[in-house]
Amino acid sequence: MIKLTKIYTRGGDGGETSLGDGERRPKDDLRVAAYGTVDEANAVIGVARLHLAGSDNDMMGRIQDDLFDLGADLCIPEGGRKGESAGVVALRVTATQVKRLEDEIDAMNEHLAPLASFVLPGGSEAAAYLHLARTVVRRAERLMVRLARAETVNPEALRYVNRLSDHLFVMARRANDDGRTDVLWRPGANR
């Protein structure tokens, strides 16, 4: 378990931060932006959980843990300057975590009303926050894809973030009375 005794270090006062392997990077570095956006998505899910109960709340709790795993994965580059040879063991997202999301998506989707149009973000409070989380996850995914063009990124981490946005979409529909109270797009309705 991690033990934090001091919250501020002053190490970032000059606009740099340390990755998990100790390497210093600018705070606007693409890798830092990617795991920072994952953290942002986790915070929005935390707000959504205020409006969820039971197994849905538990599911989102597991996802919040996974998002910390994803952030840990991203903050230690593969083959970084202080990798496993220096005693830093990277936590990597696994295929098992991706498969769990897929299984949960399939189980939830079985009970949803069929889609007749694109779904607008909204409906219940829980659904609105889940849609917001979904869009933040998509932004994290775009940053991770850009990062993967420049540096090695765990392919399972990319799969995970892609599935997570689908999971949040399906969960939002579930929060809208299994899709029956989804807010649907009405193409050209306001011309």
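A residue counts as buried when its relative accessible area is under 20%, as exposed when it is over 50%, and as partly exposed in between. Glu104, at 10% relative accessibility, therefore counts as buried. The same classes are used throughout this tour of a predicted model.

Start with the whole chain. Its secondary structure comes to five helices and four strands. Read from the N terminus, the order of elements is β-β-α-α-α-β-α-α-β. Along the principal axes, the C-alpha atoms fill a box of roughly 55 × 40 × 35 Å. The chain has 191 residues, and 40% of them count as buried. About 10,700 Å² is exposed, with 53% of that supplied by carbon and sulfur atoms. Now take the contacts with a separation of 6 or more. Residues 24 or more positions apart account for 73% of them.

Next come the charges. Side chains of opposite charge can pair when their charged atoms come close. In this model the count comes to 19 salt bridges. Three of these pairs are followed here.

Return to Glu104. Arg62 forms a salt bridge with Glu104, and the closest N and O atoms are 3.1 Å apart. Arg62 lies in helix H2 and Glu104 in helix H3, so the bridge ties together parts that are 42 residues apart in sequence. The two partners fall into separate accessibility classes. Arg62 is partly exposed because its relative accessibility is 36%, while Glu104 is buried at 10%.

A second bridge joins Arg31 and Glu151, at 3.0 Å from N to O. This pair links distant parts of the chain. Arg31 sits in helix H1, and Glu151 sits in the loop between helix H4 (125–150) and helix H5 (155–175). They are 120 residues apart. Is Arg31 buried or exposed? With 2% relative accessibility, Arg31 counts as buried. Glu151 has a relative accessible area of 24%, so this residue is partly exposed. The bridge also belongs to a network of salt bridges. Glu23, Arg25, Asp29, Arg31 and Glu151 are linked in that network.

The third bridge is local. The side chains of Arg138 and Glu141 meet at 2.7 Å, N to O. Both residues lie in helix H4. They are three residues apart, about one turn of the helix. Arg138 counts as partly exposed because its relative accessibility is 28%. Glu141 has a relative accessible area of 13%, so Glu141 is buried.

Now turn to the rings. A pair of aromatic rings is described by the distance of the centres and the angle of the planes. How many aromatic pairs does the model hold? The count comes to one. The pair is Phe118 with Trp185, with ring centres 5.7 Å apart. Their planes meet at 50 degrees, so the pair is tilted. This pair, too, links distant parts of the chain. Phe118 is in the loop between helix H3 (95–109) and strand S3 (119–120). Trp185 is in the segment after strand S4 (183–184). The two are 67 residues apart. Phe118 has a relative accessible area of 62%, so Phe118 is exposed. Trp185 is partly exposed because its value is 40%.

Move on to a nonpolar residue in helix H2, Leu67. Its relative accessible area is 3%, so Leu67 is buried. Which residues does Leu67 touch, not counting those up to four places away in sequence? They are Val38, Ala41, Asn42, Ile45, Tyr160 and Leu164. As a gauge of distance across the model, take Leu67 and Asp177. Their C-alpha atoms are separated by 26 Å, and the residues are 110 apart along the chain.

Finish on the surface. Val47, Leu50, Tyr129 and Leu132 make a nonpolar patch of about 350 Å². One of these, Leu50, has its place in the loop between helix H1 (30–49) and helix H2 (54–75). Leu50 counts as exposed because its relative accessibility is 68%. Leu67 offers the opposite case: Leu67 is buried, at 3%.

Methods:
Residues are numbered from 1 along each chain as its sequence is written. This is a predicted model: local features need pLDDT of at least 70, side-chain atom pairs count only at pLDDT 80 or more; totals for chains, interfaces and linings use all residues. Side-chain values use heavy atoms; hydrogens and water are left out. Patches are made of residues with over 30% relative accessible area and no salt bridge: like charges are joined within 9 Å, nonpolar side chains (Val, Leu, Ile, Met, Phe, Trp, Tyr) within 5 Å. Accessible areas come from the Shrake-Rupley method with a 1.4 Å probe; for residues, only the protein chains shown count as cover. A salt bridge is a side-chain nitrogen of Lys or Arg within 4 Å of a carboxyl oxygen of Asp or Glu. Buried means under 20% relative accessible area, exposed over 50%, partly exposed in between (1.4 Å probe, protein chains only). Rings of Phe, Tyr and Trp (its six-membered ring) pair if their centres lie within 6.5 Å; planes under 30 degrees apart count as stacked, over 60 as edge-to-face and the rest as tilted. Contact means heavy atoms within 4.5 Å.
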